[in-house]
Amino acid sequence: MERTTPARAVPASTVLLVRDRPAFEVLMVTRHQQSTFAAGALVFPGGKVDPEDGNDGWGGAVDGWHSVPADQRALRIAAIREVFEETGLLMARSSASRDCAAETATTARREIREGHLDFLTFARSAGIVFDAKQLVPFAHWITPEAMPKRFDTHFYLIAVASEQQAVSDGLEITNAEWIAPAEALRLGRARERIVGFPTRLNLQLLAESRSVNEALSRAQQRPVVTVQSRIEQRPGGRVLTIPQDAGYGLVEEPLSEVAARGHASVSVPHHS
């Protein structure tokens, strides 16, 4: 039988935005019910890398641009841009975020989404400077080769000021909410919300911390191991598993359970 060439894994970024007040929480968004991918799922903000995310011009609008590995730069800009497009949050220096008027940001967000404005032009015109080093690598997942739609996704962790308000775009995302990692996991177990496989495992990793500082410290000390889940046969049936050295412990989940949770896909949970 002729072997089918796997689909290309598209570079993408996902962001775990965390804050401490009123308690340790992470920002999660809900995919639109009409989405072709992960419809209705509770996910972290994020999406595909755009060609403009790798523009050399970002060097003048990002602190630490040249201290970040070249192959990470576009991924970090994609992370910052997707968070802004989906939630309205500007992951910039606090003073720059305050100085950017809400009306200006709202207008820019709409124009970027409609393709009338690029993110770099907006940043330059608003005098916004981002800090690439604020984004702490958290995880790296690649969709299995057997899947028709594949992503090569880098997860980043970043602390967010508690006064910042997240507002969903109303298109791809229908809701944005701050939630304790343990509560998000409970909702998934109770099947009150759809929480996909990679999202759930990264929530479990995040839930090991009790504060922003602890989460950042753990992420900075933990090596990021690339994860590509696979299906293996066990005496009791087929299970979904990942490498044990990835930092998530022993993971062997029956495929029937993955489907029963309402999210049968084993690929990365969210990308626009």
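Start by selecting Phe119 and Phe130: both side chains belong to buried residues. You're looking at a predicted model, so keep that in mind as you click around.

**Stop 1: the two phenylalanines**

Show both rings as sticks. The ring centres of Phe119 and Phe130 sit 5.5 Å apart and the planes make an angle of 35°, so this pair counts as tilted. Colour by secondary structure and you'll see that the pair links distant parts of the chain, with Phe119 in helix H4 and Phe130 in strand S6 (residues 130-131), 11 residues apart.

Now add Trp58, Phe84 and Phe122 to the selection. Together with Phe119 and Phe130, these residues are linked by ring pairs into a cluster. How many aromatic pairs does the structure hold? The count is eight.

**Stop 2: the second largest pocket**

Keep Phe119 on screen and select Asp50, Glu52, Leu117 and Asp118 as well. These residues, Phe119 included, lie nearest the centre of the second largest pocket, which has 14 lining residues. Two elements give two or more residues to that lining: helix H1 (70-87) and helix H4 (119-126). Which of them should you colour first? H1 is a good pick, as the largest share of the lining, three residues, comes from there.

If you have a surface tool handy, turn it on here. The space in this pocket comes to about 220 Å³. Then colour the lining by residue class: six residues are nonpolar, six are charged and two are polar.

**Stop 3: strand S8 and its partners**

Next, select residues 150-159, which make up strand S8. Is this strand enclosed or open to the outside? Eight of its 10 residues are buried, so S8 is largely enclosed by the rest of the structure.

Bring in the partners one at a time. Strand S1 (residues 9-19) runs parallel to S8, and 10 bridges join the two. For a landmark on this side, pick Pro11, whose bridge partner in S8 is Asp152. Then show strand S7 (residues 136-142), which pairs with S8 in the antiparallel sense over six bridges. The landmark here is Trp141, standing opposite Thr153 in S8.

**Stop 4: from Trp141 to Tyr248**

Stay on Trp141 and zoom in. With a relative accessible area of 2%, Trp141 is buried. Select Tyr248 too: this residue is also buried, at a relative accessible area of 12%.

What kind of aromatic pair do Trp141 and Tyr248 form? Theirs is edge-to-face, with 5.7 Å from centre to centre and 75° between the planes. Follow the backbone from one ring to the other and you'll pass along a good stretch of sequence: Trp141 is in strand S7, Tyr248 is in the loop between S12 and S13, and the two are 107 residues apart.

**Stop 5: the three-stranded sheet**

That loop leads you to the last selection. Show S11, S12 and S13, which form an open sheet in the order S11-S12-S13, with antiparallel pairing. Which strands are at the edges? They are strand S11 (230-234) and strand S13 (252-254), each of which pairs on one side only. Rotate the view to look across the sheet: neighbouring strands are turned by 40° against each other on average, direction ignored.

Finish on the S12 and S13 pairing. Strand S12 (residues 237-241) is joined to S13 by three bridges, and the two strands run antiparallel. To find the spot, pick Leu240, which stands opposite Glu253 in S13.

Notes:
Residues are numbered from 1 along each chain as its sequence is written. This is a predicted model: local features need pLDDT of at least 70, side-chain atom pairs count only at pLDDT 80 or more; totals for chains, interfaces and linings use all residues. Side-chain values use heavy atoms; hydrogens and water are left out. On a 1 Å grid over the protein atoms alone, a cavity is a set of points where a 1.4 Å probe fits but cannot get out, and a pocket is an open set with protein on both sides within 12 Å along at least five of seven lines; lining residues have an atom within 4 Å of a point. Grid points are joined across faces, edges and corners, and a volume is the space filled by probe spheres set on the points. Helices (H or I, at least four residues) and strands (E, at least two) are DSSP runs, numbered from the N terminus. Ala, Val, Leu, Ile, Met, Phe, Trp, Tyr, Cys and Pro count as nonpolar, Asp, Glu, Lys and Arg as charged, and the others, Gly among them, as polar. Buried means under 20% relative accessible area, exposed over 50%, partly exposed in between (1.4 Å probe, protein chains only). Two strands pair if DSSP finds at least two bridges between them. Axes are lines fitted to C-alpha atoms, for helices over the stretch in contact, and angles run from 0 to 180 degrees between N-to-C directions. Rings of Phe, Tyr and Trp (its six-membered ring) pair if their centres lie within 6.5 Å; planes under 30 degrees apart count as stacked, over 60 as edge-to-face and the rest as tilted.
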